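User: I'd like a close look at one part of this model, the pockets and whatever sits around them. Could you walk me through it?

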Amino acid sequence: MCGIVGYTGQQQAAPILLDGLGRLEYRGYDSAGLAIRDGGALAQVVKSTGKLRSLIEKTDEGRTLPGTCGIGHTRWATHGEPSQTNAHPHVSGNCTGSGSGKVESEVVGVHNGIIENYMELKAKLTRHGYQFYSETDTEVVIKLVDYYYNKYKLGPVDAINRTLVRVRGSYALALMFRDYPGEIYAARKDAPLILGAGSDFSCLASDVPAILNYTRSVYYIGNLEIAKLLPGELHFFDLNGDEITLEPTKITWDAKAAEKNGYEHFMIKEIHEQPEAVRNTLGSLISGGKIDLSESGLTDEVLADIDFVRFTACGSAWHVGMTGQYVLEEMAAIETRVELASEYRYRRVLPRGHELLIVISQSGETADSLAALRKAKSMGVRTLAIVNVVGSTIAHEADHVLYTHAGPEIAVATTKAYSAQLIAVYALAVQLAYVQGKIDGQAYGNYLEELSALPDKITRILEEKERIQWFAAKFASAKDIFFVGRGLDYSISLEGSLKAKEISYVHSEAYAAGELKHGTISLIEDNTLVIGVLTQSAIFEKTVSNMAECKARGAYLMALTSYGNYSVEDSADFTVYIPKSDPCFMASLAVVPLQLFGYYSGVARGLDVDKPRNLAKSVTVE
Ligand code: M6R
């Protein structure tokens with residue numbers, strides 16, 4: 001979704017803001033813009049559509065925009081087509097043409113999120129004489145701030161507070177006021193926004209990588225809180241306008257972690273970082289030969305009481321929940337359900353007395369997942385967040401948090417965060433099973449041993465990536481791909497299929513293998529690629545039979561199974577072998593060749609694999 005940056009200090013703002021926007025490119029966008037002030041009253045606005053490069057060229061790398069205070073934005077269109085007029089920054093005054101140039105306006109701002117009641121607010125403002133030049137909800141909110149600012153004349157904090165009370169939806173806002181040169185004001189509700197300061201500057205951004213070269217001390221403002229940025233000073237206010245104190249969080253990861261380090265794309269770098277992400281996450285959950293979740297507040301007493309688990313999440317995180325469902329029921333014999341957060345939030349839910357609701361989210365900001373968490377909390381359900389981004393809203397609001405230690409994930413397609421999420425789910429399942437007496441000490445020890453062997457096994461799979469690269473290139477022009485598997489293998493198929501779709505734009509479907517003959521098999525034609533996932537020995541033969549049915553109708557079969565299952569070659573045209581682990585943990589291994597397949601297919605098709613079209617890394621609107 002949109003990216004926001006802001007800087008006020010002693011240096012030229014535009015190059016810093018362009019650099020920051022570059023580091024937020026992964027979030028997905030279709031246009032970009034800057035507003036810069038050079039001490040005086042007027043801000044200069046420049047916008048452009050398409051890639052950030054065109055804004056960089058248009059401003060001669062920021063040189064045509066002198067000034068030490070400014071805001072910037074990359075827009076992922078929601079209200080109104082991607083165009084220069086709809087691009088941010090937006091202004092409170094009337095604008096002609098595309099809205100670029102020196103602006104007379106009182107208020108200039110950028111916004112990430114959605115203003116749900118913007119039509120109603122627009123009508124109100126129109127009655128008060130405001131005119132609108134764009135189709136965006138952002139222009140409405142900027143003009144609303146301007147309205148209150150001029151009506152009450154109590155300054156920016158008051159005007160923003162009055163606006164926050166009237167606005168429904170989600171937002172991260174950064175605003176500059178004509179009468180307050182050198183100052184930036186920011187506010188948020190349910191959209192990410194972080195702030196930082198050094199001795200002579202302050203800055204803000206939608207995510208940490210944008211400011212990591214300037215500071216490691218990061219402030220997270222809460223919902224409906226306001227920040228005022230001055231060179232070297234940050235002030236925070238609550239909804240009453242009273243100044244409040246916030247403590248900074250130290251970012252410990254290296255700035256290099258958010259760079260490509262010689263890899264062609266972030267995605268392939270992050271695929272290779274999986275052994276480390278898994279090892280670090282295991283290290284945070286296991287100590288002294290025991291799983292220890294007590295830091296999250298999930299003590300053995302709490303775990304002993306749980307008799308129903310519900311996972312809720314979106315996209316790949318939902319696939320982790322799907323795997324978790326199989327693992328928890330198999331290992332801990334606890335009834336488990338998995339639900340898409342976007343469905344859970346709007347349906348009638350019957351909570352159970354001893355339920356644990358687990359929200360899984362890399363970003364910790366996904367709008368539907370956050371809404372699902374809030375719904376569960378409002379019903380008195382105990383909640384656990386499995387989150388990668390420290391300090392994110394979901395982490396902040398859940399009763400318990402298990403952090404995954406994947407480090408910053410920049411590629412839109414998740415890989416290492418997914419793998420780290422699986423680990424958190426496994427650790428929880430093993431501990432639940434043990435605490436509730438479903439497994440004995442021997443089995444507990446065996447599971448821990450299997451878990452600690454996963455990083456090296458993932459490394460071994462990565463060493464054979466060339467075979468997948470070759471295979472992906474061979475099928476790069478495939479029209480359709482079907483991923484099939486049963487049980488836990490079905491959950492792996494879902495993730496493999498999503499990777500293929502989002503990175504290589506090839507239509508693909510994941511099917512529970514037994515379902516094929518209930519309709520889908522009619523789509524199989526000569527040379528249709530069918531990828532069978534066969535990691536579960538108990539149902540191996542069944543899936544092989546389903547694959548054979550496809551082959552009989554002309555399909556080309558790829559099998560993904562563990563070493564030793566060589567009989568699969570009687571049916572499959574191409575087989576990828578992975579090391580064995582406990583059946584419950586096989587998703588951690590089987591997903592790697594499928595991630596590689598998605599990646600190399602996209603590369604073979606010449607696509608922008610790190611930033612696939614239409615997608616955003618963090619989906620902060622529903
Ligand atoms: O940040 P989250 O984990 O909550 O994001 C959930 C999904 O948007 C995300 O997994 C998405 O499906 C990825 N593009 C998958 O690669």
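How do the residues of the lining of the second largest pocket divide into nonpolar, polar and charged?

Analyst: Bear in mind that this is a predicted model. The lining of the second largest pocket splits into 12 nonpolar, 11 polar and 6 charged residues. That lining has 29 residues, and the ones nearest the pocket's centre are Cys314, Gly315, Ala616, Lys617 and Val619. As for secondary structure, two or more lining residues come from each of α9 (315–332), β21 (355–361), α11 (367–378) and α16 (488–504). The space in this second largest pocket comes to about 520 Å³. Where does it sit? Domain 2 (260–462) and domain 3 (464–622) both contribute residues to the lining, so the pocket lies between them.

Now for the largest pocket, which holds about 970 Å³ of space. It is lined by 49 residues, and Tyr220, Trp253, Asn388, Val389 and Val390 are the closest to its centre. Sorted by class, the lining of the largest pocket has 20 nonpolar, 17 polar and 12 charged residues. At least two lining residues apiece come from β16 (249–250), α7 (274–285) and α12 (393–397). Of these, α12 supplies the largest share, with 4 residues. This pocket also sits at a domain boundary: domain 1 (3–255) and domain 2 (260–462) both give residues to its lining, so the largest pocket lies between those two.

While we're on domain 1, which covers 3–255, here's a bit of its strand pairing. Strand β9 (residues 184–189) has 5 of its 6 residues buried, so the rest of the structure largely encloses it. On one side of the pairing, β9 runs antiparallel to strand β8 (residues 169–177), with 5 bridges between them. Within that pair, Ala186 of β9 stands opposite Ala174. The two strands make a hairpin with 6 residues in between, and Gly182 in the turn has a positive phi of about 80°. β9 also pairs with strand β13 (residues 225–230), again antiparallel and again through 5 bridges. There, Ala187 of β9 has Ile226 in β13 as its bridge partner.

To pull the pockets back together, the largest one lies between domain 1 and domain 2, and the second largest lies between domain 2 and domain 3.

Technical notes
Residues are numbered from 1 along each chain as its sequence is written. This is a predicted model: local features need pLDDT of at least 70, side-chain atom pairs count only at pLDDT 80 or more; totals for chains, interfaces and linings use all residues. Side-chain values use heavy atoms; hydrogens and water are left out. Buried means under 20% relative accessible area, exposed over 50%, partly exposed in between (1.4 Å probe, protein chains only). Two strands pair if DSSP finds at least two bridges between them. On a 1 Å grid over the protein atoms alone, a cavity is a set of points where a 1.4 Å probe fits but cannot get out, and a pocket is an open set with protein on both sides within 12 Å along at least five of seven lines; lining residues have an atom within 4 Å of a point. Grid points are joined across faces, edges and corners, and a volume is the space filled by probe spheres set on the points. Ala, Val, Leu, Ile, Met, Phe, Trp, Tyr, Cys and Pro count as nonpolar, Asp, Glu, Lys and Arg as charged, and the others, Gly among them, as polar. Domain bounds come from an automatic or database domain assignment.
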